[in-house]
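Work through the exercises below with the sequence and the structure side by side. Try each task before reading its solution.

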Amino acid sequence: MAEHTSSSITIEAAPADVMGVIADFARYPEWTGEVKEAEVLATDAKGRAEQVRLLLDAGAIKDDHTLAYTWTGENQVSWTLVKSQMLRALDGSYTLAPAGGGDRTEVTYQLTVDVKIPMLGMIKRKAEKVIIDRALAGLKKRVESNPSHPKV
């Protein structure tokens with residue numbers, strides 16, 4: 001099994017508010033930085049995204065890829081790579097855990113990236129860590145600055 005990188009952050013909001021931001025793919029370009037375009041291609045019976053096309057510009061990595069999403073309960077979403085120009089794998093998940101009586105959420109982001117071009121493992125892990133840290137910081141800022149964000 002491929003190595004993965006994981007990190008956590010506590011957000012001052014209920015899990016439903018956090019998941020509402022995570023599930024709102026159309027607004028990713030507003031807060032993620034690297035995602036320039038997001039298009040939901042398919043949804044499940046609950047209206048949650050099952051396949052999303054993302055146009056990514058993360059400096060050295062520019063890619064147009066499609067991810068398949070799996071929603072587990074109300075507090076976890078995971079994804080796997082369907083197709084990509086630059087990536088061989090992009091597997092990850094957000095897991096939310098209520099904290100502080102439910103008005104705070106611990107968010108754990110796990111990510112495994114494999115690119116089609118040769119890259120040392122330690123450089124890959126560092127890139128994963130940068131992606132995770134930026135995503136968690138952006139998510140925290142987005143959720144905490146917009147408490148009225150729609151819930152899923």
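The exercises go from the overall fold to the aromatic residues, and the model they use is predicted.

**Exercise 1. Determine how many helices and strands the protein chain has, and in what pattern they follow each other.**

Solution.
- Count the elements: the protein chain has 3 helices and 7 strands.
- Read along the sequence: the pattern is β-α-α-β-β-β-β-β-β-α.
- Turn to contacts with a separation of 6 or more: 48% of them join residues 24 or more positions apart.
- Finish with exposure: of 152 residues, 41% count as buried. The accessible surface is about 8000 Å², and carbon and sulfur atoms own 54% of that.

**Exercise 2. Decide whether helix α1 is mostly covered or mostly open.**

Solution.
- Locate the helix: α1 spans residues 15-23.
- Apply the cut-off: a residue is buried under 20% relative accessible area.
- Count: 7 of the 9 residues pass, so by this cut-off α1 is mostly covered.
- Name them: P15, D17, V18, M19, G20, V21 and I22.

**Exercise 3. Find which members of the largest nonpolar core touch the most other members, and trace the contacts of L139.**

Solution.
- Start from a general point: in soluble globular proteins, nonpolar side chains tend to be buried together.
- Size the core: the largest one holds 35 residues.
- Pick out the members that touch the most others: V18, I22, Y69, Y94 and L139. V18 and I22 are also among the buried residues of α1.
- Follow L139, leaving out residues up to four places away in sequence: L139 touches I11, V18, V21, I22, W31, Y94 and V107.

**Exercise 4. Classify the ring pairs that W79 forms with Y94 and Y109.**

Solution.
- Recall the description: a pair of aromatic rings is given by the distance of the centres and the angle of the planes.
- Survey the whole structure: there are 8 aromatic pairs.
- Take W79 and Y94: the centres are 5.6 Å apart and the planes stand at 55°, so the pair is tilted.
- Place this pair: W79 sits in strand β5 (residues 76-83) and Y94 in strand β6 (residues 87-99), 15 residues apart.
- Check burial: W79 is buried at 6% relative accessible area, and Y94 is buried at 5%.
- Take W79 and Y109: the centres are 5.6 Å apart and the planes stand at 70°, so the pair is edge-to-face.
- Place this pair: it links W79 in β5 to Y109 in strand β7 (residues 104-115), 30 residues apart. Y109 is buried too, at 7%.

**Exercise 5. List which residues the ring pairs link into a cluster.**

Solution.
- Collect the linked rings: F25, Y28, W31, Y69, W71, W79, Y94 and Y109.
- Cross-check with the core: Y69 and Y94 are among the core members that touch the most others.

Notes. Residues are numbered from 1 along each chain as its sequence is written. This is a predicted model: local features need pLDDT of at least 70, side-chain atom pairs count only at pLDDT 80 or more; totals for chains, interfaces and linings use all residues. Side-chain values use heavy atoms; hydrogens and water are left out. Buried means under 20% relative accessible area, exposed over 50%, partly exposed in between (1.4 Å probe, protein chains only). Helices (H or I, at least four residues) and strands (E, at least two) are DSSP runs, numbered from the N terminus. A nonpolar core is a set of buried Ala, Val, Leu, Ile, Met, Phe, Trp, Tyr and Cys residues joined through side-chain atoms within 4.5 Å. Contact means heavy atoms within 4.5 Å. Accessible areas come from the Shrake-Rupley method with a 1.4 Å probe; for residues, only the protein chains shown count as cover. Rings of Phe, Tyr and Trp (its six-membered ring) pair if their centres lie within 6.5 Å; planes under 30 degrees apart count as stacked, over 60 as edge-to-face and the rest as tilted.
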